Every structure is written in C-alpha cells, then in structure tokens.
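The following report reads a single chain from its overall architecture down to individual side-chain contacts. The sequence and the coordinates are shown first, and the discussion comes after them.

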Amino acid sequence: MINFLATLLGKLMRWIYDSLAATGAEPENISYYAIAIILMTLLVSLLTIPVTISTQKQAEQSRKIKPKMDEIQKKYGYDQQIMQKKMQELYKEEGVNPGISSCLMMIFQLLILFGLLRVMNDTKTFVFPEGIENLRRDFYWVPDLTLADPLWFGLPLLTSVSQFLVTLFSMKTNPQMSEGPMSSMNKSMLFLPLVFFMTFIRLPAGLPLYYTMSSLIRLIIMVIMHYTVKKPKQLNEVKDEKVNNKTSKK
C-alpha cells in the first residue's frame, strides 16, 4: 500500500516538476523541487476536501444538540459509563457521527505522509531515476529538502504550530471533541504537534513542508465552512423564539 502511494506521489511530483522546468529558469530562493511539493500538496488536499467539509458539517450539526449534551452531562455526570451511553444514544438519534470524519482524515494524512517519506528517502526510485545530483532542492533557508531542516525552529516548528491551530479550531467549534464521550482522547491530540516537532526535526525537510501546507489548507477550508455554512438553531434558541412570538401576539 505504501509503495503504491509512493509510486503515485512520485509520478505526480515528477509531472509537476517537469511542467515547471519547461517554463524556464527557477526562482532565486525556491527551487522547482520545493514548488512541486507545494503544488502536489494542493492537489492532494483537493482530494480531502469532501472529508474536511463533512467533518465541519458534523461540527456545526453538533452545535444544535449541545443543550441536550449539557443536560445529559448534568443529569448523569456522576457515572461516566452511563453518561457516555446516553451521549451515544443521542448521537444516534440525531444522526451525528462524532470523530469518524476526523479519524478518516488522520488515517489519510498518515498514509500520505508514509508514502511521501518513502519518496523523500528514495527520490531516485520514485521521482528521478536519472538522479538528483544536479537538481536544486532548496527552499529559502533550507539548502536541501531531502535532508533535515538545519533550523529546528523552521519547517518542523511551522508544522507543529499549523497542526495545533487545526486541532484547537476543531475543538473550539465542535462540542463533540471537547465535551463528548471522546473528549479525553481528543484533548490529548493537543500534544500531537509536539510529537510531530520531535519527529520532523530528524526527517527530510520536504515532509514538514508538505504537512505545514496541508494543515494550512485544511484550516482555511474549516474557517470558511464555519463562517459561511448556515448554522442550525440550538434548542434553547428555538424555545426563546417561540416564547417571544407568543409574547408579541399577546
């Protein structure tokens, strides 16, 4: 599976690189190799848009049932097992699937990451059979994207910050992540950016470049979805509206 993904990513990256090389000389501070990674990230991110949209729609839908979630927490807070069971029943009744889209996104990201790691570690096999010795592979302060970033506060830190922002925004806009049955596991994901940082400082810099761009694109989509999709009215808002209508009629 990983070799298959690496082959696809390698062919995509080579096609993008050759298309860029045909346009003329490379920019001074960024190589076509780096631009190819960025454009490849954009194309791969387009494939995940349906999952990202589904995740955000689930988040907005869960806002509608938040008063019911609060009621269950207040009523069954003395027993976590009963409370989680009641939460699951509520999700099933309302057609909300907490965490499924997020898990799918994480699995997809990890598969792509492992495939890209194979590409970066063996570029000659997957992208440039003729070798990469004469190719520029720089990205501003990074002299070679097939090697680790010489600045630990560079791409690895940007990756961690961008992933932290995605996780934080998800938790702020999705009550399921911060208050539902999976809240403890979701909150532990806030430490994932630190794991990424410690990992990416040792890996080829092309990987954190990909992951940073991927996280930023995902964050932009989530923000747009959050502020443009019509939000469902919560239960309390509906009750208040009914009371105000009755009062005005009197």
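## Architecture and confidence

Read from the N terminus, the elements of the chain follow the order α-α-α-α-α-α-α-α-α-α-α-α. In this predicted model, the chain accordingly has 12 helices and zero strands. Of its 250 residues, 42% count as buried, and the chain exposes about 13,900 Å², of which carbon and sulfur atoms supply 63%. Among the contacts with a separation of 6 or more, 74% are made by residues that lie 24 or more positions apart.

The mean pLDDT of the chain is 81, and 81% of the residues score at least 70. Among the elements, helix α1 (residues 2-21) has the highest mean pLDDT, at 92, whereas helix α12 (residues 235-249) has the lowest, at 49. Over residues 234-240 pLDDT stays under 50, and for this stretch the model has nine contacts beyond four places in sequence. Where pLDDT is low, the predicted coordinates should not be read in detail.

## Helix α1 and its partners

L5 lies in helix α1 and counts as buried, with 13% relative accessibility. Leaving aside residues up to four places away in sequence, L5 touches L111, I112 and G115. The C-alpha atoms of L5 and L113 are separated by 9.6 Å, although these two residues are 108 positions apart along the chain.

A search of the whole structure finds nine aromatic pairs. In one of them, the ring centres of Y17 and F128 are 5.1 Å apart and the planes stand at 85°, so the pair is edge-to-face. This pair links distant parts of the chain, since Y17 belongs to helix α1 and F128 to the loop between α6 (123-126) and α7, 111 residues apart. Both Y17 and F128 are buried, and ring pairs join Y17, Y33 and F128 into a cluster.

Helix α1 also contributes charged side chains: R14 and D18 meet in a salt bridge, with 3.0 Å from N to O. Why can these two side chains be related to the helical repeat? R14 and D18 are four residues apart in helix α1 and are therefore separated by about one helical turn. Neither end of this bridge is buried, because R14 has a relative accessible area of 22% and is partly exposed, while D18, at 38%, is partly exposed as well. The bridge does not stand alone, for R14, D18 and E130 are linked in a network of salt bridges.

## Salt bridges

The structure holds five salt bridges, and three of them are set out below.

| Pair | N to O distance |
|---|---|
| R14 and D18 | 3.0 Å |
| R136 and D138 | 2.9 Å |
| D144 and R137 | 2.9 Å |

How is the pair R136 and D138 placed with respect to the surface, buried or partly exposed? R136 is partly exposed, with a relative accessible area of 28%, whereas D138 is buried, with a relative accessible area of 13%. In the bridge between D144 and R137, D144 counts as buried at 13% relative accessibility, and R137 is likewise buried, with a relative accessible area of 15%.

## Helix α7: a buried serine and a nonpolar surface patch

S160 is found in helix α7 and is buried, because its relative accessible area of 8% falls under the 20% cut-off. Not counting residues up to four places away in sequence, S160 touches P193, F196 and F197.

F164 is also placed in helix α7, which spans residues 155-173. Unlike S160, which is buried, F164 is partly exposed, with a relative accessible area of 35%. Which residues form the nonpolar patch on the surface together with F164? They are W152, F153, L157, V161, L165 and L168, and with F164 included the patch has about 620 Å² of accessible area together. The value of 35% for F164 is over the 30% relative accessible area that patch residues need.

Note on methods:
Residues numbered from 1 in each chain as written. Predicted model: local features only at pLDDT ≥ 70, side-chain atom pairs only at ≥ 80, totals over all residues. Heavy atoms only, no water. Patch = residues over 30% accessible without salt bridge, like charges linked within 9 Å, V, L, I, M, F, W, Y side chains within 5 Å. Areas by Shrake-Rupley, 256 points an atom, 1.4 Å probe, with all protein chains shown as cover. Salt bridge = Lys/Arg side-chain N within 4 Å of Asp/Glu carboxyl O. Buried < 20%, exposed > 50% of the residue type's maximum accessible area, 1.4 Å probe, protein only. Contact = heavy atoms within 4.5 Å. pLDDT = per-residue confidence, 0-100. Phe/Tyr/Trp six-rings, centres within 6.5 Å; stacked < 30°, edge-to-face > 60°.
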